[in-house]
Each structure stands twice: as C-alpha cells, then as structure tokens.
Amino acid sequence: MRGIVKIVAALVIVVLLYSLLVKLNWLPSVSSWFKASTVLIEETPLLITEIKQIATLLTIESSDEVVVSQVRPVPSGSPKKILDYISPVPLVQAERLVLVVKGKVIAGTDLSRLESNAVFISDDSVSVTIPAARIQDIIVNPSGTDIFIEDGNWSQAETNKLVSQASEKLRQRATEKGILEKADEQALKVLRNFLELQGFQKIRVATN
C-alpha cells in the first residue's frame, strides 16, 4: 500500500511540474500535440533571390553578315544629270549605296523579371517557370561594315540609317534560325543544374 502511495505522489509531482513549465512556455501544452503544425516554406523567397542574382543569362550568340542597299534618283543639277542630257546614250539614272554589315545578335533570359508565384517548393520538389528568352542586344561594329558600292555622295546620316536597317535584318535572320528557342533551351539547362546544386531531387523548369 505504501508503494502505491509513493507512485501516486510522484505522478502528482510530475503533473504539477509539467503544468508549471507549460505556463512558463517552456514546454508545449498537451492540446498542441494534436494540432496540425503550420508549414512555413522559407526557402521560396530565398530561392527567388538567389535566382534573380544570376540576373540575365546571356546564353546564345549568333554572328552573321547581311547586305543592305539604298537607291535614289540622280539629283538634278549634278554632273551626271547634265551629261545625261547631252549624251547620245542613256546614262545611269540612279545612285546606289550598298553595305556589307557584320554583326552579332545576343539572346538570353532576364531572370530579374521572375515573379514570386513562378516558384513552388514542396520538400525536395521544386517547380520554376521563367520568362521566355528575348533578344538582349544587337552589336554592329563599325569596323565590320564595308562599303561594297558607293555611287554618289551619301551623308553620314544616310549611312547610319542603312546600318540600322542592317541591325533589324540581323535580328530577323537570327530569329528565323531559332535563336530564341536555343536560348530558352540553354537557360532551362543552366537553371536545372543550379537547382540540382541546391539539393532538389524533383525538378520542373519551364518558360512562359
């Protein structure tokens, strides 16, 4: 009988001590044992920040050469026009400027535009949707521009306008060759490797 009393007394002391520790917030209450714990995914904003720090993935570079030209009538009063009036045979009725322009087009993915809802994390799984690749830059080096034909006097402004047309032509040709699709493919590959290094096992990466 005395042994039972000791056991009961010990249990009472344990209960009282536990109650005291709960009031002091040193231990969780019994009711909290059966509550579903709140899942806080703290990795999401951190991962977004890390991805944005990669900034722009300049993934694909395409070098090309295009020919652009401009034609205009021979100005009245010019020596050619005067000679045309007195010549028994027709002379050249127009002046031409033909340029051979070399340049390169750079395409890549701007990860600074990544939205917070584009990243989803669950345990060791991650899904990321990144912006589609864009043309980031078109570089035309003046030293890579050759005058193939210059018939007449052409101003620098007229030459610059023709070079601008060459830049647009470089863009069109690079797009037709699939530079954006190749840039998307490379960006997804780089991002997948990055996420694997972060320890994720199930990875989905895509472009929107």
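In the predicted model, the contacts of Arg72 beyond its neighbours within four places in sequence are with Ala94, Glu95, Gly152, Asn153, Trp154 and Glu158. Arg72 is part of strand 1, which spans residues 56-73. Its relative accessibility is 17%, and Arg72 is therefore classed as buried, the cut-off for that class being under 20%. The side chain of Arg72 also makes a polar contact with the side chain of Glu158, at 3.1 Å. Glu158 is thus listed both among the contacts of Arg72 and as its partner in this polar contact.

At the level of the whole protein, the secondary structure consists of five helices and six strands. Their order from the N terminus is α-α-β-α-β-β-β-β-α-α-β. Of the 208 residues in the protein, 30% are buried. The exposed surface amounts to about 14,100 Å², of which 58% is supplied by carbon and sulfur atoms. Among contacts with a separation of 6 or more, 80% are between residues 24 or more positions apart.

An open sheet is formed by three strands in the order 3-4-6, with mixed pairing. Strand 3 and strand 6 are the edge strands, each paired on one side only. The average angle between neighbouring strands of this sheet, with direction ignored, is 5 degrees. Strand 3 and strand 4 run antiparallel and are joined by four bridges. Within this pair, Val119 has Val128 of strand 4 as its bridge partner, and Phe120 is placed opposite Ser127, also in strand 4. Two residues separate the strands in the hairpin of strand 3 and strand 4, where Asp123 adopts a positive phi near 55 degrees.

In a regular strand, side chains alternate between the two faces of the sheet. The two faces of strand 3 are unlike in cover: Val119 and Ile121 make up the covered face, whereas Phe120 and Ser122 make up the uncovered one. Helix 5 lies across strand 4 and strand 6, and runs at about 155 degrees to strand 6.

The largest nonpolar core contains 19 residues, and the members that touch the most others are Leu47, Val128 and Leu195. Two or more residues are given to this core by each of helix 2 (43-53), strand 3 (119-122), strand 4 (125-130), helix 5 (179-197) and strand 6 (202-207). Helix 5 provides the largest share, five residues. With neighbours within four places in sequence left aside, Leu47 is in contact with Val119, Ile121, Val126, Phe194, Leu195, Gln198 and Phe200. Val119 and Ile121, on the covered face of strand 3, are thus among the residues that Leu47 contacts. Another core, of 18 residues, lies apart from the largest one and includes Val68, Val101, Ile138 and Ala174.

Conventions
Residues are numbered from 1 along each chain as its sequence is written. This is a predicted model: local features need pLDDT of at least 70, side-chain atom pairs count only at pLDDT 80 or more; totals for chains, interfaces and linings use all residues. Side-chain values use heavy atoms; hydrogens and water are left out. Buried means under 20% relative accessible area, exposed over 50%, partly exposed in between (1.4 Å probe, protein chains only). A polar contact is a pair of N or O atoms within 3.5 Å; within protein, one must be able to donate a hydrogen and the other to accept it, and residues adjacent in sequence count only if both atoms are side-chain atoms. Contact means heavy atoms within 4.5 Å. A nonpolar core is a set of buried Ala, Val, Leu, Ile, Met, Phe, Trp, Tyr and Cys residues joined through side-chain atoms within 4.5 Å. Two strands pair if DSSP finds at least two bridges between them. Axes are lines fitted to C-alpha atoms, for helices over the stretch in contact, and angles run from 0 to 180 degrees between N-to-C directions. Accessible areas come from the Shrake-Rupley method with a 1.4 Å probe; for residues, only the protein chains shown count as cover.
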